[in-house]
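Dear colleague,

I am passing on the structure below, and would be grateful if you would look through it before reading my notes. They follow directly after it.

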Amino acid sequence: MPDLVVDDELWRILEKEGIVELDEDIRGLKRTQIKKHFGSQNSDRIILSKFMKSIIWQAYTKIQAGDESPIMGNIRTFWYRWVKPALAKVPKKYFGKMDLYDLMLRLFAEMVMDLKLFNYADFDFTDENWENRRIGEEKPGVIVFSEKRGWVRFLREFHQKHGVSVLALGGFPSALTSEYTVRDVQKVLGTGKAVRLVGIVDYDPSGDLIAESFREQLETQGLVVESLETLIQPKHYTADELKLFRFRLPRSQKTKTQRWMEKTGGIDGKEWGLESESMPTERLKSLLEEVIS
């Protein structure tokens, strides 16, 4: 349990979030018991977020007490071991079109990142992205990350040559991967020391959101981020290359595109982006070497 959460504060959080602590295994509750503890007072429905948070909390407390084995698997392992058996007692009419697995992921992230009730490591989860992460020995505080996993070989070679930390995210960063990245970096760098982030992400609204989300998650997990720089920028391309590689941004995401345009200006003031793969490899290496030096 984080030191900043004292007993009174913990109980206040549990009560506010509707988390119910039960002595009996929550997975074995009968339908009437589920309705009693997690039913809405104003309707016949089950409050799924309250139910699922209570499942997660019970699993955490039992694992910490040694009454249940650590997960030693990924979050989907937790779903099959803890959540799915409990939800099997709930009539499907309460689910609607809701993606229950996605709900579990969001509630886990909320309990870890926002409420700070525990860490992913407390469950002994496996970070599925661990093979795409390398922590530098010479410059662990320089973290070069990519949006796409296709850059992983490039990143590993750069890590070996320059001793920096690298990570291929494979899309939007997960809170679990960010937590384990902070843990691994701090083992080498020490706590309280600032890091620099260098991103290889698409020059478009999604790439920008991925980079900013990664920074925010690292900071939430206690890493001090001194700076964030992304390398796929129009200024690093020739005029002919921009004409060749630019692409028009989707018109279906007007608000996101507008915000990004206000921040970056697009390309020549127009709603165009650039894929990270369009950057010539040797030029990208040179840019990275310039940044880390």
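**Helix α1, salt bridges, aromatic rings and a crossover**

The face of α1 turned away from its buried side carries D8, E15 and K16, which are exposed (over 50% relative accessible area, against under 20% for buried and in between for partly exposed, with a 1.4 Å probe and protein chains only). Please bear in mind that this is a predicted model, in which local features need pLDDT of at least 70 and side-chain atom pairs count only at pLDDT 80 or more, whereas totals for chains, interfaces and linings use all residues. Residues are numbered from 1 along each chain as its sequence is written, and side-chain values use heavy atoms, with hydrogens and water left out. Helices (H or I, at least four residues) and strands (E, at least two) are DSSP runs, numbered from the N terminus.

On its other face, helix α1 (residues 7-17) has L10, I13, L14 and E17 as its buried residues. They lie on the same side of α1 because they cover an arc of only 95 degrees around the axis, the arc being that of the directions from the helix axis to the C-beta atoms. These buried residues pack against α3 (48-65) and α5 (100-114), where contact means heavy atoms within 4.5 Å. After α1 comes G18, with a positive phi near 75 degrees.

The structure holds 18 salt bridges (a side-chain nitrogen of Lys or Arg within 4 Å of a carboxyl oxygen of Asp or Glu). One of them joins R12 to E9 at 2.7 Å, N to O; these two are three residues apart in helix α1, and therefore separated by about one helical turn. R12 is partly exposed at 43% relative accessibility, and E9 is partly exposed at 28%.

Another salt bridge brings K53 and E17 together at 2.4 Å, N to O, and this pair links distant parts of the chain, since K53 sits in helix α3 and E17 in helix α1, 36 residues apart. K53 is buried, with a relative accessible area of 5%, and E17 also counts as buried, at 18%. A further salt bridge, between E68 and R27, has an N to O distance of 3.2 Å; E68 lies in the loop between α3 and α4 (75-87) and R27 in the loop between α1 and α2 (31-38), 41 residues apart. In addition, D127, R133, R183 and D184 are linked in a network of salt bridges.

As for the aromatic rings, there are 21 pairs, where rings of Phe, Tyr and Trp (its six-membered ring) pair if their centres lie within 6.5 Å, and planes under 30 degrees apart count as stacked, over 60 as edge-to-face and the rest as tilted. F38 and F51 form a tilted pair, because their ring centres are 4.8 Å apart and their planes stand at 45 degrees. F38 belongs to helix α2 and F51 to helix α3, and both are buried. One aromatic cluster is formed by W57, Y60, F78, W82, F108, F118, Y120, F123 and F125.

Finally, strands β4 (residues 194-200) and β5 (residues 224-230) run parallel and are joined by six bridges (two strands pair if DSSP finds at least two bridges between them). The chain crosses from β4 through helix α8 (residues 205-220) to β5 in a right-handed β-α-β crossover, meaning that, with the strands pointing away from the viewer, the path from the first strand over the helix to the second runs clockwise.

With best wishes
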